[in-house]
Structure formats: structure tokens, C-alpha cells
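Colleague: I have a new model open and I would like to learn how to read it. Can we take it feature by feature?

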Amino acid sequence: MADRTELLKDYVKRLSEGEDLETVRADFVKNFSDVDAAEIAKAEQTLIESGTPISDVQRLCDVHSALFHGATRQEQIDNAEKAVQESLSREQQEAIEHLNKGKAADTLHRTDGADDTFEKLRQIEGHPLQIFYLENQAVEKQLKEMRKALSEKKDVLKTFDKTRQIAVHYAKKGDLLYPVLKKDYGFSGPSDVMWGVDDEIRDEMKTLYSEAEKNADRMEEEAWQSRMDKVLTRAEEMVYKENNILLPLCAKNFSEEVWKGIARDMKDYEFCLIEPVPEWKDAAVEARINGNTDEIVLPSGHFSKEQLNAMLDTIPLEITFIDDDDINRYFNQNEGTKLFKRPLAALDREVYTCHPPKVEPMVRMVISELKSGEKDSIDIWNERGGEPVLIRYMAVRDKDGKYQGTMEVVQHMGFARDYFSQR
């Protein structure tokens, strides 16, 4: 394994130093009939650790992956399966699909002598790896549509706008896969290199789209078309790298608990170019946050009482919380100039007793509308000392929609007025 890694590292280094791809590929073929995703990741990582700047490895990332085209084990498995499927009649395929529906996931798509974890996981409905794989297929299809639109000079901007949804897919990788690979499993190479390439592809597409949107004639310019061709090629290469290196690497290393955590967090992201996929039934519904016994543990984090208090007092807002019995329960004490004084003696009192008689009816109406569900928030704009002020009342509800209380937030808005007036 160490010798193979050294060889792979040498091939990547030779490419990085400018040697012709086909020359290096010829030497590669002599020594490798197949290559595992982990081997590629390790070779790239040791190259970085030996002193090669990440920017150099990242710059030639597409060339590196081109070296392995057709040689990765995952690609060979996929090609073998495709060849078998193409050789079967439609009736046979339907019969096999019918039988497979009743089989356990671990009996599907087995390949002798190969790690078939990737195949097993991508068959599980709603599994994060399945979603990433399906999105990759959709991205690949959309890239072809983009090239077709450019060739036919038809609906280019509209097609390009849809193609840019690739950013959603890249954001999920960046937030959910790369940090886990790097921090928990020690694969910093793919994380640092691929992540940087993702950003470059997304940023170049954004720039090209902005230029074309402002001036449609730019799309006729040779320079613009050349840049477009390059960024589409890079995106196509990224699809290859994900399917043959990144996703198999994750499949082989991530534990089920890690996948369940990714499935949980993936709910906050949109689907990229595919229809919504049903949730993975075995995934954990609630976040599992570990905290010390003396900490405040919440579904999305944990901290000490001192940290929580300091954080709330740092927020540049005046915050008050009134519970579902209309009792004052909390207000923060930030250092800024307070528009409304809140004595500690007001805590545990009914909120209506803290307002003058002429204001009390309005306070009752606001809380009543929030509590009943008629409204979720009510904004009141005011002016204090020549500065605009926003007072926002918000209904606080739990995940089941049950009313827990009202939060009042007071915000100085002079900074926004000054900013926009200067612009």
C-alpha cells in the first residue's frame, strides 16, 4: 500500500511539474490495473504534506483526476454493472428489479473482491449518499444541456441560470462532507483541494452569468466562450471525482451515526436539480448534543451559564421574554444605550403592570394576537432622540406550534439610516 501510494504521489507530482498527461498515464497503466479512492486521497494528501502548496495541487486537480479515468475501482464496478444491464432484455431487467425490491440492501450490486459499501448505501432511499449521487447525475445532465444551449445559441442565459444551481450541491458538500473527512477521518487532501475547486467553479459561473446578464453580447465573445468551456469542463471533472473518489471514500469510512447526522442536517438544504427524495427512515430525528452536566444543553448546541449570559448580553438588541402566563421572565443587559429601562424588580411580575394605563390596552392586544396565532410578529416603528427605532414583538412557539411566550426586541436603526444615506 505504501509503495502504491508513493507511485501515485510521483505521478501526481510529475503532472504538477508540467509533464504531459499521456506520458504519465502510460507509466500509470503499467503499474495499476485499478486504484482505490483512498489511495488517490492519500497520494494527494502526502503530496501536500511534503510541501507542495495546496493552491498548486488545487490548480491541477482536474488533470490529476484525468489520470485515473477508467482505472478507479468504483468506475470499473459501475461499468461492469452497466454492461450487464445493457445485455439483459427489458423483461429480464424488470424481473430483477422486482426481485431486488424484496432483498436487503447488502445483497444488491455485490462485486467479488471489491468494497461494495458505496453501492449498498446509494440504494437506501433518502440516504445522504443516494441524494449526492442522484444530484450528481442531474448535474451531469444539466451540464450537457448547457453545452447544447451554447452550441445552438438558444436559451443560453435561462439554461445557465439553472446550471448555476450546482452551487447548492457544492454548499452541501462543503458543509456536510469535507469537514467530516478532514477532522474526523484525517483526509485533509480531498477536503482542501476539492473544496477550493468547488469555490472556483461556483465563483466563475457567477461572474460569467453576471457579465452575460448585463450585456448579452458578451456571450458572443470568444474570450467569454473559452472561459465558459473551461468552467463546464471543470464541473464535469468534479462530477467524475465525486462519483469515483469522494463519495466512495465517504462510504468506506463514515459510520452510520455520522451518516444519520448528515441526514439530519441535510434537511436544511434545498435539493439540487432533482425532485425531493423521501427521508431516510433510519436516520436520527433529533440532534444528539453532548454537554457537561453543568452546561445548558440545547438541540443545536451547548454552553455554560456564563457563556450564554455573556452571549445574550453581547447581542446589540434589547431583548425581553414574557412567558405564556404573561409574566416577565428575562431581559438581557447589554452595555449599549438602553431605550427602555427594565428594573430587576419587574421580573416575575405580570407584564401589564409594567406599562402605564394608556399603553396597557395596546400591550394586551399585541400579546392576545400573538398568543391566539392570529399573528406571528408585530412591528412598531418609533423615534427616540431623533433616531428611528424598531420594536418587534414575536410569538415564541415550540416545534409543535404551541405558544410558549412573547419576545420583545428593541433595535436602534440609526446605523441603517446613516449607511444607506451615505450610499
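Colleague: Let me start with one side chain. Is F415 buried or exposed?

Modeller: Keep in mind that this is a predicted model. To call a residue exposed, we ask for over 50% relative accessible area. F415 has a relative accessible area of 54%, so F415 is exposed. F415 lies in helix α17, residues 414–422. Its C-alpha atom is 9.0 Å from that of E387, and the two are 28 residues apart along the chain.

Colleague: How do I get an overview of the chain? How many helices and strands are there?

Modeller: Start with the secondary structure, then look at burial and contacts. The chain has 17 helices and seven strands. Of its 423 residues, 41% are buried. Then take the contacts with a separation of 6 or more: residues 24 or more positions apart account for 59% of them.

Colleague: Now the interior. How many residues are in the largest nonpolar core?

Modeller: In soluble globular proteins, nonpolar side chains tend to be buried together. Here the largest nonpolar core holds 52 residues. Those with the most contacts inside it are F160, L177, I201, M205, M228, F254 and W259. Several helices give two or more residues to this core, including α8 (117–121), α9 (128–152), α12 (188–214) and α13 (222–253). The most comes from α13, with 13 residues.

Colleague: Which residues does I201 touch, leaving out those up to four places away in sequence?

Modeller: I201 touches Y170, V231, R234, A235 and M238. Apart from the largest core lies another core, of 15 residues. Among them are V363, I378, V389 and Y393.

Colleague: How do I read a single helix? What span should α11 have, at 1.5 Å a residue?

Modeller: Compare the expected span with the distance between the ends. The 18 residues of α11 should span 26 Å, and the end C-alpha atoms are 25 Å apart, which agrees. Check for bends as well. There is a kink of about 35 degrees in α11, centred on G174.

Colleague: What covers the buried residues of α11?

Modeller: List the buried residues, then look at what lies against them. The buried residues of α11 include H169, Y170, G174, L177 and Y178. K172 and K173 are also among the buried residues of this helix. The cover includes α9, α10, α12, α13 and α14.

Colleague: On to the rings. How many aromatic pairs are there?

Modeller: The count comes to seven aromatic pairs. For each pair, read the distance between centres and the angle between planes. F118 and Y133 are edge-to-face, at 5.9 Å centre to centre with 85 degrees between the planes. This pair links distant parts of the chain: F118 is in helix α8 and Y133 in helix α9, 15 residues apart. F118 and Y133 are both buried.

Colleague: Why is the pair of Y185 and F254 counted as stacked?

Modeller: Planes under 30 degrees apart count as stacked. The planes of Y185 and F254 are at 25 degrees and the ring centres are 5.2 Å apart, so the pair is stacked. Y185 is in the loop between α11 and α12, F254 in the loop between α13 and α14, and 69 residues separate them in sequence. Their burial can be read too: Y185 is partly exposed, at 26% relative accessible area, and F254 is buried, at 6%.

Colleague: Which residues do ring pairs link into a cluster?

Modeller: The cluster consists of F160, Y209 and W224. Look for charged side chains over rings too. R164 lies over the face of Y209, 4.5 Å from the ring centre. R364 lies over the face of Y352, at 3.8 Å.

Colleague: Last, the loops. What is the phi of K153?

Modeller: K153 has a positive phi of about 55 degrees, although K153 is not a glycine. K153 lies in the loop between α9 and α10 and is exposed, at 57% relative accessibility. D348 also has a positive phi, near 70 degrees, and is a residue other than glycine. D348 is found in the loop between β4 (328–331) and α16 (360–372). With a relative accessible area of 55%, D348 is exposed.

Colleague: Where does G385 lie?

Modeller: G385 lies in the loop between β5 (377–384) and β6 (387–397). At 89% relative accessibility, G385 counts as exposed. G385 and L339 are 9.6 Å apart in space, C-alpha to C-alpha, and 46 residues apart in sequence.

Terms used:
Residues numbered from 1 in each chain as written. Predicted model: local features only at pLDDT ≥ 70, side-chain atom pairs only at ≥ 80, totals over all residues. Heavy atoms only, no water. Core = buried A, V, L, I, M, F, W, Y, C linked by side-chain atoms within 4.5 Å. Buried < 20%, exposed > 50% of the residue type's maximum accessible area, 1.4 Å probe, protein only. Helix = DSSP H or I, 4+ residues; strand = E, 2+ residues; numbered from the N terminus. Contact = heavy atoms within 4.5 Å. Phe/Tyr/Trp six-rings, centres within 6.5 Å; stacked < 30°, edge-to-face > 60°. Lys NZ or Arg CZ within 6 Å of the ring centre and 35° of its normal. Expected span 1.5 Å × (residues − 1). Bend = angle between axes of the 7 residues up to and from the residue.
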